[in-house]
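These are my notes from going through one model. I worked from the overall make-up to single residues.

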Amino acid sequence: MTGEAAMTRDMILTQYRPIRRAIRAILAQAVHACKKADLDRAAKHLGLVDDAQLADDTVFDMLCDVALFEPNQRGRRVFDGFLRDRLATLDPPEQDVARRMGGAFVSIVRVAEWHAQAGLWLEDLLDAGRRLWLLDEGLEASAREGLVIGMRLFEAGPFHAGFGIVVEPREDLVAFCTQATARGAPLPVRHSLAAALYADDIQARSPPVIDEADVPEAIVEAMIRQADPSAGRPVVPARRSRRPHG
């Protein structure tokens, strides 16, 4: 790419859309690397306490995202094991995308403006002064200027792409996190920023429950068989959450 200003929208989207397809294919395969212990850990980090919550596609995607990309108690990520053991089974273009996805990060960002050709400019609220060019056709069509969202992003070349679930975080969580990073302090979250963002969203959308439970074995097996954690459905609010489309 000689410069983003020299590229038309069609040129940019022609470069981006295969990446979006690759993300879906990679996540659909990577979730098979999750063991029951990984899913149980993710379920506890998300505060899942009722089997019925697991029937929600949005909650399922959150569960898979945390299980794959957040470190366990030994500091190991399932996705790193997938890259080590299964990368060679992917097509060469998917291998490059998978490596880039391994460097994905979660942040809280604000929609600053629309990019001149395609996508959005985001302000990273946890890294003052940092602007990110995001390609996501669904968010581009549905977002509003000033919208604050939490999401997982990775550098996909000249632009960033996202996956997982996009959520609109509580104002107090945004304030606590931005104040902490401004002081150079750790984020005020128990497990990870992704788990905190997702857990708040799940709690806001779920009825009260009483007893915590592990993910039942039969449900785990059914989820793994049917897994497609990043189905390319349009970005629509799942109460307070959004699914990247692109």
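**Contacts and overall make-up**

I began with the contacts in this predicted model. Counting pairs at least 6 apart in sequence within the protein chain, I find that 68% of the contacts join residues at least 24 apart. I then listed the secondary structure of the protein chain: nine helices and six strands. The protein chain has 246 residues, and 52% of them count as buried. For the surface, I noted about 11,600 Å² exposed by the protein chain, with carbon and sulfur atoms supplying 50% of that area.

**Cysteines**

How many disulfides does the structure hold? I found zero. I looked at Cys64 to see why. The closest cysteine sulfur to that of Cys64 belongs to Cys34 and is 6.2 Å away, which is too far for a bond; the cut-off for a disulfide is 2.5 Å. Cys64 is buried, at 1% relative accessibility. I also checked Cys177, which is buried with a relative accessible area of 0%.

**Nonpolar cores**

I looked up the largest nonpolar core next and counted 58 residues in it. Ile23, Ile26, Leu46, Met101 and Phe154 are the residues with the most contacts inside this core. Which helix gives the most to this core? It is helix H1, residues 9-30, with nine residues. I noted a second core lying apart from it, of 13 residues, including Val109, Ile149, Met151 and Val166. As background, nonpolar side chains in soluble globular proteins tend to be buried together.

I took Phe154 for a closer look. Leaving aside neighbours within four places in sequence, I list its contacts as Ile19, Ile23, Val97, Arg100, Met101, Ala104, Phe159, His160, Ala161 and Phe163.

**Aromatic pairs**

I searched the whole structure for aromatic pairs and got seven. I took Phe79 and Phe82 as one of them: the ring centres are 5.6 Å apart and the planes stand at 40°, so I entered the pair as tilted. Both residues lie in helix H4 (residues 78-86), three residues apart, or about one turn of the helix. An α-helix has 3.6 residues a turn, so residues three or four places apart point the same way. Are these two rings on buried or exposed residues? Phe79 is buried at 0% relative accessible area, and Phe82 is buried too, at 2% relative accessibility.

Trp133 and Phe159 make an edge-to-face pair, 5.7 Å centre to centre with 80° between the planes. I placed Trp133 in strand E3 (residues 131-134) and Phe159 in the loop between strand E4 (148-155) and strand E5 (160-167), so this pair ties together parts that are 26 residues apart in sequence. Trp133 and Phe159 are both buried.

I also recorded a cluster in which ring pairs link Phe69, Phe79, Phe82, Phe154 and Phe163.

**Helix H5**

I turned to helix H5, residues 92-101, and asked which of its residues are buried. They are Glu94, Gln95, Val97, Ala98 and Met101. Why do I put them on the same side of H5? They cover an arc of only 165° around the axis. On the face turned away from the buried side I found the exposed residues Pro92 and Pro93. I then looked for what covers the buried residues of H5, and the cover includes H1, helix H3 (57-69), H4, E4 and E5.

**Pro188**

My last entry is on Pro188, which sits in the loop between helix H7 (171-183) and helix H8 (193-205). Pro188 is partly exposed, with 45% relative accessibility. Not counting residues up to four places away in sequence, Pro188 touches Phe176, Cys177 and Ala180. I also took the separation of the C-alpha atoms of Pro188 and Thr178, which are ten residues apart along the chain, and got 9.9 Å.

Terms used. Residues are numbered from 1 along each chain as its sequence is written. This is a predicted model: local features need pLDDT of at least 70, side-chain atom pairs count only at pLDDT 80 or more; totals for chains, interfaces and linings use all residues. Side-chain values use heavy atoms; hydrogens and water are left out. Helices (H or I, at least four residues) and strands (E, at least two) are DSSP runs, numbered from the N terminus. Buried means under 20% relative accessible area, exposed over 50%, partly exposed in between (1.4 Å probe, protein chains only). Contact means heavy atoms within 4.5 Å. Accessible areas come from the Shrake-Rupley method with a 1.4 Å probe; for residues, only the protein chains shown count as cover. A nonpolar core is a set of buried Ala, Val, Leu, Ile, Met, Phe, Trp, Tyr and Cys residues joined through side-chain atoms within 4.5 Å. Rings of Phe, Tyr and Trp (its six-membered ring) pair if their centres lie within 6.5 Å; planes under 30 degrees apart count as stacked, over 60 as edge-to-face and the rest as tilted. The arc is that of the directions from the helix axis to the C-beta atoms.
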